[in-house]
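Let's take a walk through this structure together. Have a look at the picture first, and then read on.

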Amino acid sequence: MSLGSGGRSGIGIKTDGELTQMEAAGRVVARVLSEMEKAVAPGVTTMDLEAIAIRECREMGATPSFLGYRGFPAAICASVNEVVIHGIPNRIPLKEGDIVGLDYGAVLNGWHADSALTVAVGQISPETQRLMTVTEDALWLAVKMVKPGAKLNEISASIQRHCERAGYSVVREMVGHGIGRSLHEEPDVPNYGRPGGRGIVLRKGMTFCIEPMINQGGMHIATLPDEWTIVATDGKPSAHFEHTVAVTSTGVKVLTLRPGQVDRSKA
């Protein structure tokens, strides 16, 4: 869920024990997303996926981070086609050729993790597949840059550069965020920025969510009357991928890797 830090002061540094707690929350998020991903098919509704998320989370002894957060009415964000983010689950069946962004957070023993992926519904067009591939590649490009001494603005700039070179638009209003005891902490993690300059310097123990939200068409977005669902105003598809990461002494640790997912930060 992309809302930014909300003006909280200070970037929290987690101890090794606290990172272990966050990694446990990350395993919950990873399992839930994996189970939802497997269930996506024509005819399935996003409310069906919501039910899977609630069941899996309960079985692992965790609590959904999003449900009731600032009034959000569901455990997952399910964003179909031109919906950029914060789509509310409904009973409309998914169709062949759709894409659906699945965004999920969980809290376990007081620690949060948050992750997202965009999933194809059956066969999709090559153009839409390319959008998804470029967006996910941008996420991993950014994740691989995370290490002590790296500058956050350089990481943000890498996402913008990669996606704009591919002909896509970066959503400006919605950003990644710090995470830990709260779902949204400092720092904000934009998907655009200027390389160089001062910027926030990463330190061991920082934890945050990197989450490119990339539009096939223009960058402009609008919020629907439900006050949550954010759409691309030109009606073209949007893709969203996210991981919770921790800065380690030597680089980065991805806390929300799904079962069987390749850790491309090590490639």
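**Starting at Ile88**

Ile88 is in contact with Phe72, Pro73, Ala78, Asp226, Trp228 and Thr229, leaving aside its neighbours within four places in sequence; contact here means heavy atoms within 4.5 Å. Before going further, note that this is a predicted model, where local features need pLDDT of at least 70, side-chain atom pairs count only at pLDDT 80 or more, and totals for chains, interfaces and linings use all residues. Residues are numbered from 1 along each chain as its sequence is written, and side-chain values use heavy atoms, with hydrogens and water left out.

You'll find Ile88 in the loop between β3 (83–85) and β4 (99–108). Strands are DSSP runs of E with at least two residues, helices are runs of H or I with at least four, and both are numbered from the N terminus. Ile88 counts as partly exposed because its relative accessibility is 24%, and that label sits between buried (under 20% relative accessible area) and exposed (over 50%), using a 1.4 Å probe and protein chains only.

Ala78, one of the contacts of Ile88, also helps line the largest pocket, where it is among the residues closest to the centre, along with Val80, Val83, Asn90 and Ile92. That pocket holds about 240 Å³ of space, and its lining has 8 nonpolar, 4 polar and 3 charged residues. A pocket is an open set of points on a 1 Å grid over the protein atoms alone, where a 1.4 Å probe fits, with protein on both sides within 12 Å along at least five of seven lines; lining residues have an atom within 4 Å of a point. The volume is the space filled by probe spheres set on the points, which are joined across faces, edges and corners. For the classes, Ala, Val, Leu, Ile, Met, Phe, Trp, Tyr, Cys and Pro are nonpolar, Asp, Glu, Lys and Arg are charged, and the others, Gly among them, are polar.

What about strand β2 (residues 76–80)? It is largely enclosed by the rest of the structure, because 4 of its 5 residues are buried. β2 pairs with β4 in the antiparallel sense over 5 bridges, and pairing takes at least two DSSP bridges. Ser79 has Gly101 of β4 as its bridge partner.

Finally, Pro259 sits in the segment after β15 (252–254). Pro259 is exposed, at 59% relative accessible area, and touches Ala30 and Ser34, not counting residues up to four places away in sequence.
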